[in-house]
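Grab your favourite viewer and work through a few short exercises. Try each one yourself before reading the solution.

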Amino acid sequence: MATVRELLDGGIVRLRAAGSETARLDAELLLGSALDIDRTAVIAHTDANVGDGAAERFRTLLDRRARGEPVAYIRGVKEFRGLAFGVDSRALIPRPETERLVELAELEVVRRLVGAPRPFGSPKLRVIDVGAGSGAVVVTLAVLLRRRKMLDEVDLAASDVSDEALQLSRENAVAHAVGDRIAFETADLLPGGEARRWDVIAANLPYVRSDAVPSLPVAASFEPRIALDGGADGLALIKRLLDQLAGALADDGVALLEIGGDQESDLRALVAERLTGWSCEVERDLGGLPRVAVLRRAAG
Ligand SMILES: C[S@@+](CC[C@H](N)C(=O)[O-])C[C@H]1O[C@@H](n2cnc3c(N)ncnc32)[C@H](O)[C@@H]1O
């Protein structure tokens, strides 16, 4: 029977040889999965013996990781903004950069609800997550607004062109007890075309250039291409969404669009060309990279 340390050491050597740059972390997480315990418990009990069944399960998980499958898909879970999201090949694994988009969306909702007194009977704020994927953005937003006791004042919606992804986002919403607070709709970008008006639109649409997709890390090849591929210049979906905004955004509404770290100037040029007079600020992520474009109509 092998100890935790022996299994980890062997796993780390195996994953390094397979090209993982995070071999130790991967091995600790995967051994935790095989033993059905937290990674911290793995690290705290390196002298413990591991049964043959769990050791065999660990080897199977290592095989998958060595073939390049992301740890999050193997474990079936990814942490986002402190919440656990179920993840699998139906949708993109939520990235930490996207937490900035959620933070800004929460701020925009809170500003509207507490910044100016809202007369009794005012309509609820209309907020949509376009390209919901696993539901990381809309579900986290719902949980944060529930903590602030503001959820009853907001109508939350989520759209995705992929039925499979939307099903996963529904499952995550149910897991976080907000399944009945979000309207999910399969749609190409904004549901209902320009007939509906939104106060806050948040979107993390695919923005990788088509020719750059094959050179992404191998783990990305396990994710749906439709979640990554942003067309020839990476901005094909974002351009189409920009063209919907004039009709779809409320007069004092805001659109929050996640972009790639090298897309700020292209995005600014597109906004200037397609949304004359609108303001475009670009917020940075924790790494200091341009990450979320904040678009509003010109004041007055
Ligand atoms: C980069 S992923 C983001 C997923 C999730 N919002 C997140 O941040 O983790 C982009 C999502 O947009 C969806 N998508 C792609 N084209 C779309 C379209 N035309 N209309 C709506 N959603 C689309 C994909 O299916 C995918 O779920």
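The exercises below deal with a predicted model, and they go from the ligand to rings and then to charges.

**Exercise 1: the ligand's surroundings**

Find out how many residues surround the ligand, which ones are closest, and how the shell splits by class.

*Solution.* Start with the count: the ligand has 19 residues around it. Next, pick out the closest: G131, D160, D188, L189 and N204. Finally, sort the shell by class, which gives 11 nonpolar, 5 polar and 3 charged residues.

**Exercise 2: polar contacts and burial of the ligand**

Look at the ligand's oxygen atoms and work out how far they are from polar atoms of D160, N204 and G133, then say how much of the ligand's surface the protein buries.

*Solution.* Take the side chains to begin with. In D160, a side-chain N or O atom lies 2.6 Å from an oxygen atom of the ligand. For N204, again with a side-chain N or O atom, the distance to a ligand oxygen is 2.8 Å. Then turn to the backbone: a polar backbone atom of G133 is 3.5 Å from an oxygen of the ligand. Now for the surface: on its own the ligand exposes 600 Å², and the protein buries 96% of that area.

**Exercise 3: an aromatic pair**

Count the aromatic pairs, then classify the geometry of F80 and F85 and decide whether these residues are buried or exposed.

*Solution.* The count is 1 aromatic pair. F80 and F85 make up an aromatic pair with ring centres 6.1 Å apart and planes at 85°. Ring centres have to lie within 6.5 Å, and planes over 60 degrees apart count as edge-to-face, so F80 and F85 are an edge-to-face pair. For burial the cut-off is under 20% relative accessible area. F80 is at 1%, so F80 is buried; F85 is at 0%, so F85 is buried too.

**Exercise 4: charges**

Find the ring under the charged end of R126, then examine the salt bridges of D88 and E103.

*Solution.* Begin with R126: its charged end sits over the ring of W198, at 4.4 Å from the ring centre. Moving on to salt bridges, the whole structure has 29. One of them joins D88 to R90, with the closest N and O atoms 2.8 Å apart. D88 has 26% relative accessibility, so D88 counts as partly exposed. Another links E103 and R100, where the closest N and O atoms are 2.3 Å apart.

Definitions and conventions: Residues are numbered from 1 along each chain as its sequence is written. This is a predicted model: local features need pLDDT of at least 70, side-chain atom pairs count only at pLDDT 80 or more; totals for chains, interfaces and linings use all residues. Side-chain values use heavy atoms; hydrogens and water are left out. Rings of Phe, Tyr and Trp (its six-membered ring) pair if their centres lie within 6.5 Å; planes under 30 degrees apart count as stacked, over 60 as edge-to-face and the rest as tilted. Buried means under 20% relative accessible area, exposed over 50%, partly exposed in between (1.4 Å probe, protein chains only). A charge sits over a ring if NZ of Lys or CZ of Arg is within 6 Å of the ring centre and within 35 degrees of the ring normal. A residue is near a molecule or strand if one of its heavy atoms lies within 4 Å of it. A polar contact is a pair of N or O atoms within 3.5 Å; within protein, one must be able to donate a hydrogen and the other to accept it, and residues adjacent in sequence count only if both atoms are side-chain atoms. Accessible areas come from the Shrake-Rupley method with a 1.4 Å probe; for residues, only the protein chains shown count as cover. Ala, Val, Leu, Ile, Met, Phe, Trp, Tyr, Cys and Pro count as nonpolar, Asp, Glu, Lys and Arg as charged, and the others, Gly among them, as polar. A salt bridge is a side-chain nitrogen of Lys or Arg within 4 Å of a carboxyl oxygen of Asp or Glu.
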